[in-house]
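This report describes a ligand site, the domains around that site, and two backbone angles. The sequence and structure come first.

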Amino acid sequence: MRLNAYLARAGVASRRGADELIKAGRVRVNSEPGALNTFVEPGDRVELDGRELAPQRLAYVLLHKPAGVVTTARDPHGRPTVVDLVRHESRVVPVGRLDADSTGALLLTNDGPLAHRLAHPRYEVEKVYEAEVEGEPGGEALRRLREGVELDDGRTAPAGVRRLGPSSLELSLHEGRKHQVKRMLEAVGHPVRRLHRSRYAGLALEGLGPGESRELTGPEVEALRRLVF
Ligand code: URA
């Protein structure tokens with residue numbers, strides 16, 4: 001693994017922060033100065049300011065994100081973040097994002113390659129949303145959502161759409177553009193009032209109340225890997 005990823009996994013800094021530590025000459029690998037292109041192999045001894053580091057274990061956390069919490073690791077405005085909520089010993093970060101006012105399933109991990117793939121459009125990971133909307137969408141609105149809606153960044157891919165109530169829809173998407181569900185529903189004349197993600201990549205929130213989180217089981221992590229590797 002690259003030296004900056006190793007340092008991030010050891011919890012000393014973000015990858016970018018790790019690059020700065022490396023450039024400042026504070027990192028040694030097997031007693032040699034570390035460089036930006038240094039690779040760390042199992043058994044290598046990595047030191048920061050002369051102190052040996054151990055990588056943290058890989059961690060995978062499913063959070064039921066409540067409203068009012070931002071999906072970043074640190075918020076410049078001091079608002080509570082999903083990372084504050086999870087309070088994990090490992091440096092887990094969110095995979096993708098939910099808007100501050102959205103609720104529901106959010107995965108956090110320190111497994112960089114898995115996170116990168118899950119968030120990449122190529123792997124078309126499924127996200128299921130429940131949306132409460134203004135008005136009562138009719139058949140034509142549902143048909144447009146299913147077939148694809150023209151947005152300012154292009155037409156959306158076909159989506160699964162199910163009616164849950166007169167003003168409530170379930171949407172299954174394999175894309176993850178910014179504010180996508182809100183923009184799609186706005187485009188068909190039914191702005192979102194409340195948005196909840198009930199499933200992410202096959203993970204549901206059963207048993208988790210708002211603000212609660214849990215570690216994934218081994219089989220759940222394996223299932224995620226099978227989706228994208
Ligand atoms: N689409 C949105 O508009 N908002 C979210 O939080 C997630 C998907």
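## Polar contacts of the ligand

In this predicted model, a backbone N or O atom of His179 is placed 3.2 Å from an oxygen atom of the ligand. The ligand buries 96% of its area against the protein, out of the 240 Å² that it exposes when taken alone.

Two further residues place polar atoms beside ligand oxygen. For Ser102 the atom belongs to the side chain and is polar, and its distance to an oxygen atom of the ligand is 2.8 Å. For Gln180 the atom is a backbone N or O, and the distance to an oxygen atom of the ligand is 3.4 Å.

## The surrounding shell

Which residues surround the ligand? They are Leu98, Asp99, Ser102, Tyr129, His179, Gln180, Val181, Lys182 and Leu195. Sorted by class, this shell holds 4 nonpolar, 3 polar and 2 charged residues.

Helix 6, which spans residues 180-187, supplies 3 residues, the largest share of the shell. As for the space itself, the ligand takes up the second largest pocket.

## Domains

The domain assignment divides the protein into domain 1 (3-53), domain 2 (60-121 + 203-228) and domain 3 (126-200). Domain 2 is thus listed with two segments, 60-121 and 203-228.

From which domains does the shell around the ligand draw at least three residues each? Domain 2 (60-121 + 203-228) and domain 3 (126-200) each meet that count. Between domain 1 and domain 3, the distance from centre to centre is 45 Å, taken over C-alpha atoms.

## Positive phi angles

Most residues other than glycine have a negative phi. Two residues are listed here against that background. Asp49 is not a glycine, yet its phi is positive, at about 50°. Its place is the loop between strand 3 (46-48) and strand 4 (51-52).

Ala201, also not a glycine, has a positive phi of about 50°. This residue sits in the loop that links strand 13 (192-200) and strand 14 (203-204).

Technical notes
Residues are numbered from 1 along each chain as its sequence is written. This is a predicted model: local features need pLDDT of at least 70, side-chain atom pairs count only at pLDDT 80 or more; totals for chains, interfaces and linings use all residues. Side-chain values use heavy atoms; hydrogens and water are left out. A residue is near a molecule or strand if one of its heavy atoms lies within 4 Å of it. A polar contact is a pair of N or O atoms within 3.5 Å; within protein, one must be able to donate a hydrogen and the other to accept it, and residues adjacent in sequence count only if both atoms are side-chain atoms. Accessible areas come from the Shrake-Rupley method with a 1.4 Å probe; for residues, only the protein chains shown count as cover. On a 1 Å grid over the protein atoms alone, a cavity is a set of points where a 1.4 Å probe fits but cannot get out, and a pocket is an open set with protein on both sides within 12 Å along at least five of seven lines; lining residues have an atom within 4 Å of a point. A molecule sits in a cavity or pocket if more than half of its atoms lie within 2 Å of its grid points. Helices (H or I, at least four residues) and strands (E, at least two) are DSSP runs, numbered from the N terminus. Ala, Val, Leu, Ile, Met, Phe, Trp, Tyr, Cys and Pro count as nonpolar, Asp, Glu, Lys and Arg as charged, and the others, Gly among them, as polar. Domain bounds come from an automatic or database domain assignment.
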